[in-house]
Amino acid sequence: MAERIAELTDGTLFRIEPVNPYPTDYTECTDVALEERDTNARPAIADEVDNWEQYDTVFIGCPVWWWTTPMIICTFAESYDFAGKTVVPFCTYASTYRDETLARIVELTPDAEHLEGLGLSGRNTDDVEPWLRQIGIIE
Ligand SMILES: Cc1cc2nc3c(=O)[nH]c(=O)nc-3n(C[C@H](O)[C@H](O)[C@H](O)COP(=O)(O)O)c2cc1C
């Protein structure tokens, strides 16, 4: 989804990558993620955005994890100044908590303006282009 957005907007991709990688085993990953959520953790991010001030619009996206954003999205949101930026939330999910997750990204970036987000289930990104057009990001 991020790659499709970047392709259509000529955007720059930044991967919110943890310093400590998550387990590749799904069940083990869900255990770590639940523990982080329940302890309100702020997992460290491996890299930093270069030239933050040059960006006006920031798409923030993530998978839905345990009904909400992974906690590292909180780390990201708290690490940068969003005043004067427009934030566009997006997420991927299996079946539940899409709207709550998009709303959480908005809540985490109170200093920004926001445009309507998009959540997709599955790998089909056909809905990205009409969405970007609808919110006025592309013509
Ligand atoms: C720790 C963890 C928790 C998850 N919790 C949810 C959830 O609450 N709701 C949901 O719809 N999907 C949930 N998922 C599924 C992910 O959102 C999904 O794997 C992700 O969007 C990527 O999609 P893919 O597995 O098809 O690549 C969870 C996945 C993981 C690893």
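I started with the shell around the ligand and asked which element supplies the largest share of it. Helix α2 (residues 26-38) does, with four residues. I note that this is a predicted model.

I then listed the residues around the ligand and found 15. Ala33, Pro63, Thr92, Tyr93 and Ala94 come nearest. Sorted by class, the shell holds eleven nonpolar and four polar residues, and I found no charged ones.

Two of the nearest residues, Pro63 and Thr92, sent me to the strands. Strand β1 covers residues 57-63, and strand β2 covers residues 86-92. The two run parallel and are joined by seven bridges. Within this pairing I found Pro63 of β1 opposite Thr92 in β2.

Next I checked the connection. β1, helix α3 (residues 72-79) and β2 form a β-α-β unit, and I recorded its hand as right-handed.

Is β1 largely enclosed, or open? I counted five buried residues out of the seven in β1, so the strand is largely enclosed by the rest of the structure.

For contrast I looked up Val19, which sits in the loop between α1 (2-9) and α2. Val19 has 10 other C-beta atoms within 10 Å; the cut-off for exposed is 12 or fewer, so I entered Val19 as exposed. Leaving out residues up to four places away in sequence, I found that Val19 touches Ala44 and Ala46.

Last, I took the C-alpha to C-alpha distance from Val19 to Phe90 and got 23 Å. In sequence the two are 71 residues apart.

Methods. Residues numbered from 1 in each chain as written. Predicted model: local features only at pLDDT ≥ 70, side-chain atom pairs only at ≥ 80, totals over all residues. Near = placed C-beta within 6 Å. Nonpolar A, V, L, I, M, F, W, Y, C, P; charged D, E, K, R; others polar. Buried ≥ 20, exposed ≤ 12 C-beta atoms within 10 Å, placed from the backbone. Pairing = 2+ DSSP bridges. Right-handed = clockwise from strand over helix to strand, strands pointing away. Contact = placed C-beta atoms within 7 Å.
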